[in-house]
Amino acid sequence: MIFKVFKKQELARLHELLAVNIIVGPVTKGNDRNGKPLYDFDVVYDFNELALDYTQTVHSPKRFVLPYQETLSTFAVNRNDWEKHVDFNVYRPLVFFGMHACDINALNKLDLVLAQSTYPNPYYMGKRKNLFIIGIDCKPEPQCFCRSMGTDSAIHGFDLFLTDLGGKYFAEILTATAFDLLSQINCKDPSAKDLGLYKQATNGKNKHYTATVETSDLTKILDLEFESPAWDAWGEKCLSCGTCANVCPTCYCYGVEEHVDLDLQHARKTKSLHSCNLIDFAKVAGGHNFRPTSASRLKYRYYHKHRGFVEAFEESLCVGCGRCGTACLADIAPPEVIASVRGKE
Ligand code: SF4
Ligand code: SF4
């Protein structure tokens, strides 16, 4: 890793140099019912639109690499034969400008399944390989428990990571592309004072963590507590709306549908992100539903995140961003759910 520092005004120049690509970053999207600003990731055309001091976006940036709905292929009958057309839907390279460490780690987790597994997903990989990622440090919100999940800091999966030192940024450079880019703006090696400021910023961030999840032996506890009444209690509250999976940066389950036009000459195969909390998620041909109750579905979401994924990849599928708890109308959040299953109130 190479470290540099540059004055804040140089960031606009960096944006300008990258503007030939599609730039996605945090922007303000109105206010919530308490008057607090709402943020989300969107395509940004002007540097001044970027809200780099954002707290947490409502949705994660996953929709740019894993769209909620995507056409996988189209079919057309041509004379007496049919033709298949596949489009991986990769257009221009994408720049994520200002991702927090939790979202960078979420992409690293998606990679394990969609890019590095036995059957890589070409639709995901096409977009993922065309990404340039600029991370930025954050101030933890009350719902953030990323520290418990070990995702409060990103050590790979980005090109450049910025920490705010007041009038300047401390830059961690991980790739040659980022190094070349920084050579086109005014930056220099960090001084002893800069290093002191960087350590001060890191220590300051640590003081803001309030939410925690006890992860020690969690997989074993989940094995032991499969029949815990806590699941029924949370299931009673759950509305089976699927919002938690919608906002989650690591939920990737999907369904595939085929649509045939009425003229029987054209067809389309589409993929839509699904949620294991939705009532039909485990329904199979013949009408049997393997998870007919909201409690069984909610439980499986937690078992996939904190049990099955850990067994497969030795890490949890949750980055502790807290989005699911914030978005849930029934006030169901991982710290409380896991504490109750562990027998803590
Ligand atoms: S946990 Fe909350 S957000 Fe998720 S499905 Fe249930 S009610 Fe909806
Ligand atoms: S399960 Fe909730 S806290 Fe964990 S990554 Fe998904 S949205 Fe964030």
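**A sheet, a helix and two enclosed ligands**

In this predicted model, 8 strands (DSSP runs of E with at least two residues, numbered from the N terminus) form an open sheet of mixed pairing in the order β3-β2-β6-β7-β8-β9-β1-β10, where two strands pair if DSSP finds at least two bridges between them. Because β3 (37-43) and β10 (187-188) stand at the edges with a single partner strand each, one side of each is left without a neighbour in the sheet. The partner of β10 in the order is strand β1 (residues 2-7), and these two pair in the antiparallel sense over 2 bridges; in one of the pairings, Phe 6 has Cys 187 of β10 as its bridge partner.

Helix α2 covers residues 101-114, and 14 of its 14 residues are buried, that is, under 20% relative accessible area with a 1.4 Å probe and protein chains only.

Turning to the ligands, ligand 1 takes up the largest cavity, a cavity being a set of points on a 1 Å grid over the protein atoms alone where a 1.4 Å probe fits but cannot get out, and a molecule sits in one if more than half of its atoms lie within 2 Å of its grid points. Ligand 2 sits in the second largest cavity.The residues around ligand 2, with a heavy atom within 4 Å of it, include Phe 145, Arg 301 and Lys 305.

Residues are numbered from 1 along each chain as its sequence is written, while chains are lettered from A and ligands numbered from 1 in the order in which they are written. Local features need pLDDT of at least 70 and side-chain atom pairs count only at pLDDT 80 or more, whereas totals for chains, interfaces and linings use all residues, and side-chain values use heavy atoms, without hydrogens and water.

Methods: 1 Å grid on protein atoms, 1.4 Å probe; cavity = no way out; pocket = protein on both sides within 12 Å on 5 of 7 lines; lining within 4 Å. Helix = DSSP H or I, 4+ residues; strand = E, 2+ residues; numbered from the N terminus. Buried < 20%, exposed > 50% of the residue type's maximum accessible area, 1.4 Å probe, protein only.
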